[in-house]
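Got the sequence and the model side by side? Let's take a walk through the fold, starting from one small residue and working outwards.

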Amino acid sequence: MAFGGFSQDGAGEMAEINVIPLVDIMLVLLVIFIITAPVITHAVKVDLPKASHEVNQLRPETVTLSIDAQGGLYWNNDPVAAERLEIRLARAAAEHSDMELHLRADQETPYERVAWVLTRARSAGVVRIGFITQPEAE
């Protein structure tokens, strides 16, 4: 027998591990990794935008509309009547096509009031609306 042991009776089993198939498989895997390694490390060149951590400065076409807890409206810290809000928004949107409306609402302000302001801003033609928040205290 080709795989027999050293005993003369031929009934003994082989006690050694045949490592030749294991070495063959490891060499094939090594060749595969050598071939595929340059493909895996290929990087795509992307021109990423530069970002800064500086505070954004308000541009003249930015309007900050504040709502206090009682529902009072403030246009850049100046009080504005609710019935005049849509007219001022429409005028500002007509003057600056890229106008941004920054909405600041007190946490006690009812959502109904915030939704009312958003509806008026949208109907006045304001398309860029942002919400101003403060970070939570740690």
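Start at A124. Setting aside neighbours up to four places away in sequence, A124 is in contact with E86, L89, A90 and A93. Keep in mind as you look that this is a predicted model. A124 itself sits in the loop between helix 3 and strand 5 (128-131). Is A124 buried or exposed? Its relative accessible area is 14%, and buried means under 20%, so A124 counts as buried. There's a link across the sequence here too: A124 and A94 are 30 residues apart along the chain, yet their C-alpha atoms are separated by 9.1 Å.

Now zoom out for a moment. The chain has three helices and five strands, and from the N terminus on, these elements run α-β-β-β-α-β-α-β. Of the 138 residues in the chain, 19% are buried. If you take the contacts with a separation of 6 or more, 63% of them come from residues 24 or more positions apart. On the outside, the chain exposes about 11,600 Å², and carbon and sulfur atoms supply 59% of that.

Next, helix 2, which covers residues 82-95. Does the length make sense? What span should its 14 residues give at 1.5 Å a residue? The expected figure is 20 Å, and the end C-alpha atoms are 21 Å apart, which agrees. The buried residues of helix 2 are L85, L89, A92 and A93. Look down the helix axis and these buried residues fall within an arc of 95°, so they line one face of helix 2. Two of the names should ring a bell, as L89 and A93 are among the contacts of A124. Turn to the face pointing away from the buried side and you find the exposed residues E83, A94 and E95.

What do the buried residues of helix 2 pack against? The list takes in strand 1 (62-67), strand 2 (73-75), strand 3 (78-80), strand 4 (100-105) and helix 3 (111-123).

Let's follow strand 4 onwards. Strand 4 and strand 5 run parallel and are joined by four bridges. Within that pairing, L101 has I129 of strand 5 as its bridge partner. To get from strand 4 to strand 5, the chain passes through helix 3, and this β-α-β crossover is right-handed.

Over to strand 1, where you'll find T62. At 8% relative accessibility, T62 counts as buried. Leaving out residues up to four places away in sequence, T62 touches N76, E100 and H102.

That brings us to N76, which is found in the loop between strand 2 and strand 3. N76 has a relative accessibility of 35%, so it counts as partly exposed. Its backbone deserves a look. Most residues other than glycine have a negative phi. N76 is not a glycine, although its phi is positive, at about 50°. N77 lies in the loop between strand 2 and strand 3 as well, and its phi is also a positive value, near 70°, in a residue other than glycine. Is N77 buried or exposed? With a relative accessible area of 60%, N77 is exposed.

Conventions: Residues are numbered from 1 along each chain as its sequence is written. This is a predicted model: local features need pLDDT of at least 70, side-chain atom pairs count only at pLDDT 80 or more; totals for chains, interfaces and linings use all residues. Side-chain values use heavy atoms; hydrogens and water are left out. Helices (H or I, at least four residues) and strands (E, at least two) are DSSP runs, numbered from the N terminus. The expected span of a helix is 1.5 Å times one less than its number of residues. Buried means under 20% relative accessible area, exposed over 50%, partly exposed in between (1.4 Å probe, protein chains only). The arc is that of the directions from the helix axis to the C-beta atoms. Contact means heavy atoms within 4.5 Å. Two strands pair if DSSP finds at least two bridges between them. A crossover is right-handed if, with the strands pointing away from the viewer, the path from the first strand over the helix to the second runs clockwise. Accessible areas come from the Shrake-Rupley method with a 1.4 Å probe; for residues, only the protein chains shown count as cover.
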